[in-house]
Amino acid sequence: MKTPKTTQNLDLPDILRGYLATAPKFDAKKRKALQAAADELDRAPAFLADFQKSRFVEKILEAMEAQGISQSELARRWGKSRQYLSRVLDEDRRVNFTLETLFELASLVGRKIEMHRDVLRTRVRAG
């Protein structure tokens, strides 16, 4: 049987160990409630859409940085205003855009969107 990990048997800096020692303990009831809340979020369309948008934007920004592409340049290539692109790439703004937009932006930075039929998964990868 495995020994459960505690702050005592982890190699942690003293300051972090001290902070964790002050954290409230989670009993089984609290863990179950937290898991139920997480499961509820996993079924919430608005949360899932925001989460996937954040992942998509992160990958596009990584590709832009790796290739030295500015927002102005990407907007020019796309034929859209820099302001619109900025709104699309702002993870904190709720901007609805189409699947076509996802594929267009990914293509403009040399990436591909993969959507699997068996399980709805999306991954942006290098093309």
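Let us start at Tyr19, which is found in helix α1 (residues 14–22). With 57% relative accessibility, Tyr19 counts as exposed, a word used here for over 50% relative accessible area. Tyr19 also joins Ile15, Leu16 and Leu20 in a nonpolar patch on the surface, and together they have about 430 Å² of accessible area. Such patches are made of residues with over 30% relative accessible area and no salt bridge, with nonpolar side chains joined within 5 Å and like charges within 9 Å. A salt bridge here is a side-chain nitrogen of Lys or Arg within 4 Å of a carboxyl oxygen of Asp or Glu. Areas come from the Shrake-Rupley method with a 1.4 Å probe.

A charged patch is there to find as well: Glu58, Glu62, Glu65, Glu91 and Asp92 gather in a patch of negative charge on the surface. Glu91 sits in the loop between α5 (82–89) and α6 (99–108).

| Residue | Relative accessible area | Class |
|---|---|---|
| Tyr19 | 57% | exposed |
| Glu91 | 37% | partly exposed (between 20% and 50%) |

Now for the whole protein. This is a predicted model, where local features need pLDDT of at least 70, side-chain atom pairs count only at pLDDT 80 or more, and totals for chains, interfaces and linings use all residues. Residues are numbered from 1 along each chain as its sequence is written, and side-chain values use heavy atoms, leaving out hydrogens and water.

The protein has six helices and two strands, in the order α-α-α-α-α-α-β-β; helices are DSSP runs (H or I) of at least four residues and strands (E) of at least two. Of its 127 residues, 18% count as buried, meaning under 20% relative accessible area. The mean pLDDT (the predictor's confidence in each residue, from 0 to 100) is 84.

How values were computed
Lys and Arg count as positive and Asp and Glu as negative; His and the chain ends are not counted. The place of a charge is taken as NZ of Lys, CZ of Arg, CG of Asp or CD of Glu. Buried means under 20% relative accessible area, exposed over 50%, partly exposed in between (1.4 Å probe, protein chains only).
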